[in-house]
Amino acid sequence: MKLPTLSGLLKKPSYTMVLSVLIAVLAWFVVINTAPDQERLVTVRNVPVNTSTNALAGLGLNVIEGGEPWVSVQVKGRVIEVGNLEAKDIQVTASFADIVGAGTYDLRLTATTTAGTVVAITPPTISMTFDREVNKEIPVTVDVNGLSVPDNDYILGSVSASPSSIVIRGPEKEVNRITRAVVHADLDEPLTRSQVISSEITLTNSEDEVVTSSHITSDFTAADITIPVKRKVELPLRVSFINVPEGFPLDELKYTLSNESIVVAAQERTIANTTEIVAGVIDFEQMDLTEQSTYTFRVRLPEDFVNTENIENVVVEFDTEGLSSTYLNLNQFYIVNEPSGFHVTSMTQSLYNVKIIGEEAALKTLKSGDFMVTIDLSDRDVHVGQYEVPASISAPTRGKVWALGAHTAVINIQ
């Protein structure tokens, strides 16, 4: 086999590259071994600057701009020491001695290394901006263009934003410039239903100019604009009665209301299910029309309803012509819905001096036996013993008469 010649090997690129590396390494060792104390100037790039300090905390300042800079450092020293010098072998520190408050400063740099003498730092200073970080709460203002509803049939409620305020944080100087947080929306046509529109929050100054800054953060960047739209309707007013005696002809009770109807507004889904407004509630057990013929009620609407006419009170006036009163002792007791397995008796045998209201003609022929004193046990937990329970009074066959007062009776359960 014919061996390759040196000239032939040099013509191959791979052999040439290997040979070059070997020659460079050999030359380096020759320099080190022949002149290890010879001085040399080297430049090390991308050396980080240490900008951490406790001085800022004492002044209440934070770095706003200029953190983590990088510089180049020239070092002179013996070849054996600086020949392999790297960025990690050099410490560059910024001087904070001249900082007295918020602002932008050119900080002097110093560098140290154990490998030689620092000759120069490029650049010799770095620019950094400092300020106090503060929090500020700002209300969110709503700005809606084209906001309207059809005439006569609808009204606009109070437009609001959620959240109603935001907290911004950043450099004191920049934060103080911001006076408003605004959410915008544009509408093309009148609204007939409530709307919720999501919109980005814009920060503005006192001149309504938009303020943008990468140094300011906010706990919210968007808000929901709620636009309540309510439909108006006219609803009848009525009076409600409680403790109405059994068999009482309620339609024969004559009265008038100062307002027969009321115009209200509410959300579409709510107003569609409302047919009337109850002006007030009258308790039959307290309704002595021989002493009082009018009742005044403050208008109380369901939640979310608007009283568009501002009707504050409704007066109910009863027709008391021909009404009179009398007193009777009642002794006709009836127990209803007696539970299975128990025997119930009324230990109270009479109710004395019960005031009865009714038409004068009817009262002339009214007898104690016309009234029923009813004890209803349908909604009670029954146990053996004696109990005081409510008793209702009615005269189902005598028409427009009723008893006043809340009455009770003592029963015995066995």
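Student: Helices and strands here are DSSP runs (H or I over at least four residues, E over at least two), numbered from the N terminus, but what kind of model is this?

Tutor: This is a predicted model, in which local features need pLDDT of at least 70 and side-chain atom pairs count only at pLDDT 80 or more, while totals for chains, interfaces and linings use all residues. Residues are numbered from 1 along each chain as its sequence is written, and side-chain values use heavy atoms, with hydrogens and water left out.

Student: OK, in what order do the strands of the seven-stranded sheet run?

Tutor: The order is β2-β7-β5-β4-β1-β3-β6, and these seven strands form an open sheet with mixed pairing, where two strands pair if DSSP finds at least two bridges between them.

Student: Which strands stand at its edges?

Tutor: Those are β2, covering residues 62-65, and β6, covering residues 117-122; each has a single partner strand, so one side of each is left without a neighbour in the sheet.

Student: And how many bridges join β2 to β7?

Tutor: Three bridges join β2 to β7 (residues 125-131), and the two strands run antiparallel; within that pairing, V63 has F130 of β7 as its bridge partner.

Student: What about β6 at the other edge, how does it pair with β3?

Tutor: The pairing of β3 and β6 is antiparallel and extends over five bridges, with V73 standing opposite I121 in β6. On the subject of β3 (residues 70-78), eight bridges join this strand to β1 (residues 39-50), again in an antiparallel arrangement, and there the bridge partner of V42 is V75 in β3.

Student: Switching sheets, what is the order in the five-stranded one?

Tutor: That open sheet is ordered β24-β27-β28-β30-β25, and its pairing is mixed. The edge positions are held by β24 (333-336) and β25 (344-346), which have a single partner strand each, so one side of each lacks a neighbour in the sheet.

Student: Do β24 and β27 run parallel or antiparallel?

Tutor: They run parallel, with four bridges joining β24 to β27, which spans residues 372-376, and Y334 has T374 of β27 as its bridge partner.

Student: Now the rings: how many aromatic pairs are there?

Tutor: The structure holds ten aromatic pairs, taking rings of Phe, Tyr and Trp (its six-membered ring) whose centres lie within 6.5 Å, with planes under 30 degrees apart counted as stacked, over 60 as edge-to-face and the rest as tilted. One of them is F241 with Y255, an edge-to-face pair at 5.9 Å centre to centre and 65 degrees between the planes. F241 lies in β16 (residues 229-242) and Y255 in β17 (residues 255-257), so the pair ties together parts that are 14 residues apart in sequence.

Student: Is F241 buried or exposed?

Tutor: F241 is buried at 13% relative accessible area, whereas Y255, at 30%, counts as partly exposed; buried means under 20% and exposed over 50%, with partly exposed in between (1.4 Å probe, protein chains only).

Student: Which ring does F248 pair with?

Tutor: F248 forms an edge-to-face pair with W402, at 5.7 Å centre to centre and 85 degrees between the planes. This pair links distant parts of the chain, 154 residues apart, with F248 in the loop between β16 and β17 and W402 in β29 (residues 401-403), and both residues are buried.

Student: Which residues make up the whole ring cluster?

Tutor: Ring pairs link F241, F248, Y255, F284, Y295, F318 and W402 into a cluster.

Student: Last one, where is V281?

Tutor: V281 is found in β19, residues 277-283, and its relative accessibility of 45% makes it partly exposed.
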